[in-house]
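Here are some short exercises to work through with the model open beside you. Try each one before reading its solution.

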Amino acid sequence: MDTFAVRSAVAATAALAIFSTPGVAAAAPNLHGDPKTPGTQVQVESEPGDSNSYTCGAVGVAGAGVGSNSSGGAGQVNGAYFGPGPVQGGCVGSDGSVYFPTGNAE
């Protein structure tokens, strides 16, 4: 095996170990809009069964905001969103976990 192949195999093994760890991907918060509520907005919501609360910031093409949710629930990401579009978030969980979810302002 050449050096590139060895490095690729090591990187793939490390990535597999990280993403196959129980609870890593399943506990990530979601960012989404709420089309039932007037105005463009973003909410942060925990996955079902996730007991963490999250504090998140979200930046998108149409605005930015910061907010949090209660343990296992949904919460508003307060800010100025001037229209629908994609957002990129950064969230810190009550257990110290860090996630970078994507979503949409609606």
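Three exercises follow, each with a worked solution.

This is a predicted model, in which local features need pLDDT of at least 70, side-chain atom pairs count only at pLDDT 80 or more, and totals for chains, interfaces and linings use all residues. Residues are numbered from 1 along each chain as its sequence is written, and side-chain values use heavy atoms, with hydrogens and water left out.

**Exercise 1.** Find the place of Asn-69 and decide whether Asn-69 counts as buried or exposed.

*Solution.* Start with the strands (DSSP runs of E, at least two residues, numbered from the N terminus). Asn-69 sits in the loop between strand S4 (63–68) and strand S5 (74–81). Next, take the accessibility: Asn-69 counts as buried because its relative accessibility is 7%, where buried means under 20% relative accessible area and exposed over 50%, with a 1.4 Å probe and protein chains only.

**Exercise 2.** Which polar atoms does the side chain of Asn-69 meet at Ser-46 and Tyr-54?

*Solution.* Look first at Ser-46: its side chain makes a polar contact with the side chain of Asn-69 at 2.9 Å. Such a contact is a pair of N or O atoms within 3.5 Å; within protein, one must be able to donate a hydrogen and the other to accept it, and residues adjacent in sequence count only if both atoms are side-chain atoms. Then turn to Tyr-54, whose backbone nitrogen lies 2.6 Å from a polar atom of the Asn-69 side chain.

**Exercise 3.** How many aromatic pairs are there?

*Solution.* Apply the rule to rings of Phe, Tyr and Trp (its six-membered ring): centres must lie within 6.5 Å, and planes under 30 degrees apart count as stacked, over 60 as edge-to-face and the rest as tilted. The count comes to 1 aromatic pair. Tyr-54 and Tyr-99 form this edge-to-face pair, at 6.1 Å centre to centre with 70° between the planes. The pair links distant parts of the chain, 45 residues apart: Tyr-54 is in strand S3 (residues 54–60) and Tyr-99 in strand S7 (residues 98–99). Finally, both Tyr-54 and Tyr-99 are buried.

Notes. Helix = DSSP H or I, 4+ residues; strand = E, 2+ residues; numbered from the N terminus.
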